[in-house]
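Hi everyone, thanks for making time. I'd like to walk you through one structure today, going from the backbone to the side chains, so here it is on the screen.

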Amino acid sequence: MSTILDLPEARKRVKRWTVAEYEHFTELGAFKKNVELIRGIPLNKPPESPEQTFISHVIYKMLLNWLPEGFVALHKAPLSLRDSEPEPDVSVIRGNKSDFRDRHPTTAALVIEVAVSSAELDRADASLYAEASVEEYWIVLPKQRQIEVYREPRDGVYAMKIICEAPAVLECGSVPQVRVDLAELFKVG
């Protein structure tokens, strides 16, 4: 069964929001907490499973212990990109928290999404992050005990994709000292 949004004529009529408009109307309460701007369209975020919440929190807490000086970890915080304002599960930003007191980051050294039921959506978001020069993008796949790693953003795409499977140890290419033991990560999960 097709839907109205399958029709090109209908898609052309969808209002595309700028990041500034979206932020303004969010401040006014027009959008709920479970909405994020993707390619100019406010979209409801898929519901989060307990496993996704748990694993993203575990990764966030691990990162807090590993990050070197000059990096900050954010948990479910917005990134203001050209035409989108996604809220990844975890992001690692160069700088200090005080650098982002009055604005959201516009790029990241590392973005991590935990995909329990949303892997295809998270893969589609890779182009958002590549366009914003996010140095490294991870999609954590708990059921497969894998992490898809995207590196080397160029012209809106990642030039490199690798898949790490437990029991491997994944070394982050963009943030020194970040090493994830997949067997340990998925044992916790």
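Let me start with serine 133, which has a relative accessible area of 47% and is therefore partly exposed. Keep in mind throughout that this is a predicted model. Serine 133 sits in the loop between helix H5, residues 126–131, and strand E6. What caught my eye is the backbone: phi of serine 133 is near 60°, a positive value in a residue that is not glycine.

Arginine 145 also has a positive phi, near 60°, and again this is a residue other than glycine. You'll find arginine 145 in the loop between E6 and E7. With a relative accessible area of 37%, arginine 145 counts as partly exposed, because that class runs between 20% and 50%.

One more backbone item, and then I'll move on. Alanine 166 and proline 167 are joined by a cis peptide bond, with omega at about 20°. Proline 167 belongs to the loop between strand E8, residues 157–165, and strand E9, residues 169–171. Why pick out these spots? Because most residues other than glycine have a negative phi, and most peptide bonds are trans.

Now to the interior. Which residues have the most contacts inside the largest nonpolar core? They are Ile59, Leu63, Trp138, Val140, Ile147, Val175 and Leu185, in a core of 30 residues. Several elements each supply at least two residues of this core, among them strands E3 (71–75), E4 (90–94) and E5 (110–114), as well as helix H6 (182–188). Helix H3, at 50–66, is on that list too, and H3 gives the most, with six residues. Apart from this core lies another one, of 23 residues, including Val72, Phe100, Ile139 and Tyr158. For background, nonpolar side chains in soluble globular proteins tend to be buried together.

Let me zoom in on tryptophan 138. Leaving aside residues up to four places away in sequence, tryptophan 138 touches Leu110, Val111, Ile112 and Glu113, and also Ile147, Glu148 and Val149. Its other partners are Leu170, Cys172, Val178 and Val180.

On to the aromatic rings. How many aromatic pairs does the structure hold? There are six. One of them joins tryptophan 17 and phenylalanine 31 edge-to-face, at 5.4 Å centre to centre with 80° between the planes. This pair links distant parts of the chain, 14 residues apart: tryptophan 17 lies in the loop between H1 and helix H2 (19–27), and phenylalanine 31 in the loop between H2 and strand E1 (35–38). Phenylalanine 31 has a relative accessible area of 17%, so it is buried.

For tyrosine 137 and tyrosine 150, the ring centres are 5.7 Å apart and the planes are at 35°, so this pair is tilted. Here the link is between strand E6, which holds tyrosine 137, and strand E7, which holds tyrosine 150, 13 residues apart. Both of these tyrosines, 137 and 150, are buried. There is a cluster as well, in which ring pairs link Trp17, Tyr22, Phe25 and Phe31.

Last stop, the surface. Ile4, Leu5 and Leu7 make a nonpolar surface patch of about 280 Å². Isoleucine 4 lies in the segment before helix H1, residues 8–12. Is isoleucine 4 buried or exposed? Its relative accessibility is 58%, so isoleucine 4 counts as exposed.

That's my tour. Thanks for listening!

How values were computed
Residues are numbered from 1 along each chain as its sequence is written. This is a predicted model: local features need pLDDT of at least 70, side-chain atom pairs count only at pLDDT 80 or more; totals for chains, interfaces and linings use all residues. Side-chain values use heavy atoms; hydrogens and water are left out. A nonpolar core is a set of buried Ala, Val, Leu, Ile, Met, Phe, Trp, Tyr and Cys residues joined through side-chain atoms within 4.5 Å. Buried means under 20% relative accessible area, exposed over 50%, partly exposed in between (1.4 Å probe, protein chains only). Helices (H or I, at least four residues) and strands (E, at least two) are DSSP runs, numbered from the N terminus. Contact means heavy atoms within 4.5 Å. Patches are made of residues with over 30% relative accessible area and no salt bridge: like charges are joined within 9 Å, nonpolar side chains (Val, Leu, Ile, Met, Phe, Trp, Tyr) within 5 Å. Accessible areas come from the Shrake-Rupley method with a 1.4 Å probe; for residues, only the protein chains shown count as cover. A salt bridge is a side-chain nitrogen of Lys or Arg within 4 Å of a carboxyl oxygen of Asp or Glu. Rings of Phe, Tyr and Trp (its six-membered ring) pair if their centres lie within 6.5 Å; planes under 30 degrees apart count as stacked, over 60 as edge-to-face and the rest as tilted.
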